[in-house]
Amino acid sequence: MLNGKKILYSGMQATGTLTLGNYLGALKNWVKLHEEYECLYGVMDLHSLTVRQNAAEFRKNARSLYALYVAAGLDPEKNCIYYQSHVSGHAELGWILSCFTYMGELNRMTQFKDKAAKHADNINAGLYTYPVLMAADILLYQADVVPVGVDQKQHLEITRDIAQRFNALYGDVFTVPEAYIPKAGAKIMSLQDPLKKMSKSDENANATILLLDEKDAVIRKFKRAVTDSGCEVRYAEDKPGVSNLMDIYGCVTGKSYEEIEREFDGRGYGDFKLAVGEAVAQELEPLQKKYREIMEDKSYLDSVISANDEKAAAYAAKTLRKVQKKVGLTEKLRRS
Ligand code: TRP
């Protein structure tokens, strides 16, 4: 608990730009959570180092992600939005927790197996201990709930296991976090292969809408989106392409499946795809405008970042100190 509210923690990796899937599936739904929870959101730049980065581009991407959080409506006064690497406690707690995590557990992580297959030339130890750092992120802030997609569920499970193991040894040090299941939001699929999740690393640029895509590109990509046989706009399991577009349209307009089906009754896919493209472009326009304003206002962004870094660091220090004491690390003495 913090300020009388439960604590919610989440974050995204600081690589590349965000997709419409990140936005509709996560970010857009985070905006109101501060009403109910004390919310912390990290720009997870340490995690991004598990894959080789170009330093200049990486720095830009991390700042861009911060600005996108704010542009999407996360108020930096009401949420603690900060850089993971600016709070040294993440790495410090990560080390301690790695001594309470078994290789057998890490060997079971499916994301490690996937990523190792994808980056066969760089299977580094960080990629392997990635879940331990993620556990440190969450436990450092005593988070009660963590909104995560299905791909991160296993990492949340191991976080709970580590917390419970530590608590069994040292008393109630960590809050054991629960997955936060959002009330709204959908899993957005690729526009080119609706059985695959929309991903920023997709080789086919037409598969993914990026949050900073211009209107023309958005419309073009939706026009080219893969649909299914038949010509009816109907939500159905055997119509994954159309259903995905309906999810997207529903998320941005607030319309139900029935309303969408009625709206496009007898109108065919062409009309529908154009309408989805227009609606998405319209949704993204104010976000992009705000993004540009924030990126141009260097002193505003800098001051927001440093204020939030400080808030996060103060809170993290409390947990870290407690953990260091519990495991028996000697206290640093102050010179008198
Ligand atoms: N691993 C998460 C992802 O790729 C990002 C992340 C890092 C995270 N630490 C976290 C998410 C802590 C939630 C909580 O999506």
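This is a guided tour of one predicted model, stop by stop.

**Before you start**

Residues are numbered from 1 along each chain as its sequence is written, and side-chain values use heavy atoms, with hydrogens and water left out. In this predicted model, local features need pLDDT of at least 70 and side-chain atom pairs count only at pLDDT 80 or more, while totals for chains, interfaces and linings use all residues.

**Stop 1: Asn3**

Select Asn3, in the segment before strand E1 (6-13). Strands (E, at least two residues) and helices (H or I, at least four) are DSSP runs, numbered from the N terminus. Asn3 is not a glycine, yet its phi is positive, near 50 degrees. Is Asn3 buried or exposed? Asn3 is exposed, at 64% relative accessible area. The cut-offs: buried is under 20% relative accessible area, exposed is over 50%, and partly exposed is in between (1.4 Å probe, protein chains only).

**Stop 2: Leu20**

Go to Leu20, in helix H1 (residues 20-30). Leu20 is buried, with a relative accessible area of 0%. Now show its contacts (heavy atoms within 4.5 Å). Leaving out residues up to four places away in sequence, Leu20 touches Gly25, Ile188, Met198, Ile209, Leu211, Phe222, Ile248, Val280 and Leu284. Pick Leu211 from that set. Leu20 and Leu211 are 191 residues apart in sequence, but their C-alpha atoms are 5.8 Å apart in space.

**Stop 3: helix H7**

Select residues 125-140, which form helix H7. Its 16 residues reach 22 Å from first C-alpha to last, close to the 22 Å expected at 1.5 Å a residue. The expected span is 1.5 Å times one less than the number of residues. Where does H7 bend? Look at Pro131, where H7 bends by about 40 degrees. That bend is the angle between axes fitted to the seven residues ending there and the seven starting there.

Step back to Asn124, which caps the N-terminal end of H7. A side-chain oxygen of Asn124 lies 3.0 Å from the backbone nitrogen of Gly126. Then colour H7 by burial: 13 of its 16 residues are buried.

**Stop 4: Asp137**

Stay in H7 and pick Asp137. Asp137 is buried yet has no salt bridge. A salt bridge here is a side-chain nitrogen of Lys or Arg within 4 Å of a carboxyl oxygen of Asp or Glu. The nearest side chain of opposite charge is Lys115, 11 Å away. For charge, Lys and Arg count as positive and Asp and Glu as negative; His and the chain ends are not counted. What does Asp137 touch? Beyond residues up to four places away in sequence, Asp137 touches Tyr9, Met44, His47, Gln84 and His90.

**Stop 5: Gln142**

Move just past H7 to Gln142. Gln142 sits in the loop between H7 and strand E4 (145-147). Gln142 is not a glycine, but has a positive phi of about 55 degrees. Gln142 is buried, at 11% relative accessible area.

**Stop 6: salt bridges**

How many salt bridges does a search of the whole structure find? The search finds twelve. Three of them follow.

Select Glu105 and Arg165. They form a salt bridge, with the closest N and O atoms 2.8 Å apart. The pair links distant parts of the chain: Glu105 is in helix H5 (residues 103-107) and Arg165 in helix H8 (residues 153-170), 60 residues apart. Glu105 is buried at 8% relative accessible area, whereas Arg165 is partly exposed at 22%.

Next, select Lys78 and Asp75. Their side chains meet in a salt bridge at 3.8 Å, N to O. Lys78 is partly exposed at 48% relative accessibility, and Asp75 is partly exposed at 25%.

Then select Asp302 and Arg63. Their closest N and O atoms are 2.9 Å apart, in a salt bridge. Asp302 lies in helix H13 (residues 298-327) and Arg63 in helix H3 (residues 55-71), so the pair ties together parts 239 residues apart in sequence. Asp302 is partly exposed, at 28% relative accessibility. Add Lys298 to the selection: salt bridges that share partners join Arg63, Lys298 and Asp302 into one network.

**Stop 7: helix H13**

Extend the selection to the whole of H13. Its 30 residues should span 44 Å at 1.5 Å a residue, and the end C-alpha atoms are 42 Å apart, which agrees. Which residues of H13 are buried? They are Leu301, Val304, Ile305, Asn308, Asp309, Ala312, Tyr315, Ala316, Thr319, Leu320 and Val323. An α-helix has 3.6 residues a turn, so residues three or four places apart point the same way.

End at Gly328, just after H13, where phi is positive at about 95 degrees.

Notes. A polar contact is a pair of N or O atoms within 3.5 Å; within protein, one must be able to donate a hydrogen and the other to accept it, and residues adjacent in sequence count only if both atoms are side-chain atoms.
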